[in-house]
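User: I would like to go through some of the labels used for this protein. Please set each value against its cut-off.

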Amino acid sequence: MEAKAKLLGHPIHQMVIVLPLGLLIAAWIADLAFYLSGTVVLAEVAYWNTVGGIATGLFAAIFGFIDWFAVPVNTRAKRVGAWHAGFNFAVLLLFAASLVLKHTAVGHLPSALSFVCATAGLILGGISGWLGGELVNRLGIGVSPDANVNASSSLKQA
């Protein structure tokens, strides 16, 4: 099935997800680099990348929801899409928790707990990204009018 939310013929959700992914990954890397180097400006970079990642993640979710809403009910694609959305929600919550912890710190320095939250968010983001790939590449959601919304998992042997 083709995406319902399009811009110039291309699925909007697939276009806009790259920004929150990049920002949140960059935030985690900046936190790690801060821990390794002690360079305080990296904590600020991580903080503001997290702000941007959460904001753009919420924006991307709007278009993901529009597309998910159009997926036929009682299909594997609908279930995978729901898990994908749930994991992404958890990712945003974990990075938001990390952000709140940093916000209260002088210089937005990351605490061990804020880094753990971001790390958990990064791991869940990887799982969610795989599910998103399953939706697009295996199930054809957003790209193919002939999508097989009940295709088996790509993890199963052919």
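Analyst: What follows takes up burial, ring pairs and a pocket, in a model that is predicted.

User: Why is Ser153 called buried?

Analyst: Buried means under 20% relative accessible area. Ser153 has 14% relative accessibility, so Ser153 counts as buried. Ser153 is found in the segment after helix 5.

User: Which residues does Ser153 touch, leaving out those up to four places away in sequence?

Analyst: They are Arg76, Trp130, Glu134 and Arg138.

User: What makes the approach of Ser153 to Leu155 a polar contact?

Analyst: A polar contact needs a pair of N or O atoms within 3.5 Å, one able to donate a hydrogen and the other to accept it. The side chain of Ser153 reaches the backbone nitrogen of Leu155 at 3.0 Å, so the distance falls within the cut-off.

User: How many aromatic pairs are there, and why is the one between Tyr35 and Phe115 called edge-to-face?

Analyst: The count comes to 8 aromatic pairs. Rings pair if their centres lie within 6.5 Å, and planes over 60 degrees apart count as edge-to-face. For Tyr35 and Phe115 the centres are 5.3 Å apart and the planes stand at 80°, so both conditions are met. Tyr35 belongs to helix 2 and Phe115 to helix 5, so this pair ties together parts that are 80 residues apart in sequence.

User: Are Tyr35 and Phe115 buried or exposed?

Analyst: Phe115 is buried, because its relative accessibility is 17% and the limit for buried is under 20%. Tyr35 has a relative accessible area of 37%, so Tyr35 is partly exposed. Ring pairs also link Tyr35 and Phe115 with Trp28 and Phe34 into a cluster.

User: What makes the pair of Trp83 and Phe87 tilted?

Analyst: Planes under 30 degrees apart would be stacked and planes over 60 edge-to-face. The planes of Trp83 and Phe87 are at 35°, with ring centres 6.0 Å apart, so the pair is tilted. Both residues lie in helix 4, 4 residues apart, which is about one turn of the helix. Trp83 counts as exposed because its relative accessibility is 58%, and exposed means over 50%.

User: What lines the largest pocket?

Analyst: The largest pocket, with a volume of about 980 Å³, is lined by 39 residues. His13, Ile17, His84, Asn88 and Ser128 lie nearest its centre. Helix 5 gives the largest share of the lining, 11 residues. By class, the lining has 23 nonpolar, 15 polar and 1 charged residues.

Notes: Residues are numbered from 1 along each chain as its sequence is written. This is a predicted model: local features need pLDDT of at least 70, side-chain atom pairs count only at pLDDT 80 or more; totals for chains, interfaces and linings use all residues. Side-chain values use heavy atoms; hydrogens and water are left out. On a 1 Å grid over the protein atoms alone, a cavity is a set of points where a 1.4 Å probe fits but cannot get out, and a pocket is an open set with protein on both sides within 12 Å along at least five of seven lines; lining residues have an atom within 4 Å of a point. Grid points are joined across faces, edges and corners, and a volume is the space filled by probe spheres set on the points. Helices (H or I, at least four residues) and strands (E, at least two) are DSSP runs, numbered from the N terminus. Ala, Val, Leu, Ile, Met, Phe, Trp, Tyr, Cys and Pro count as nonpolar, Asp, Glu, Lys and Arg as charged, and the others, Gly among them, as polar. Buried means under 20% relative accessible area, exposed over 50%, partly exposed in between (1.4 Å probe, protein chains only). Contact means heavy atoms within 4.5 Å.
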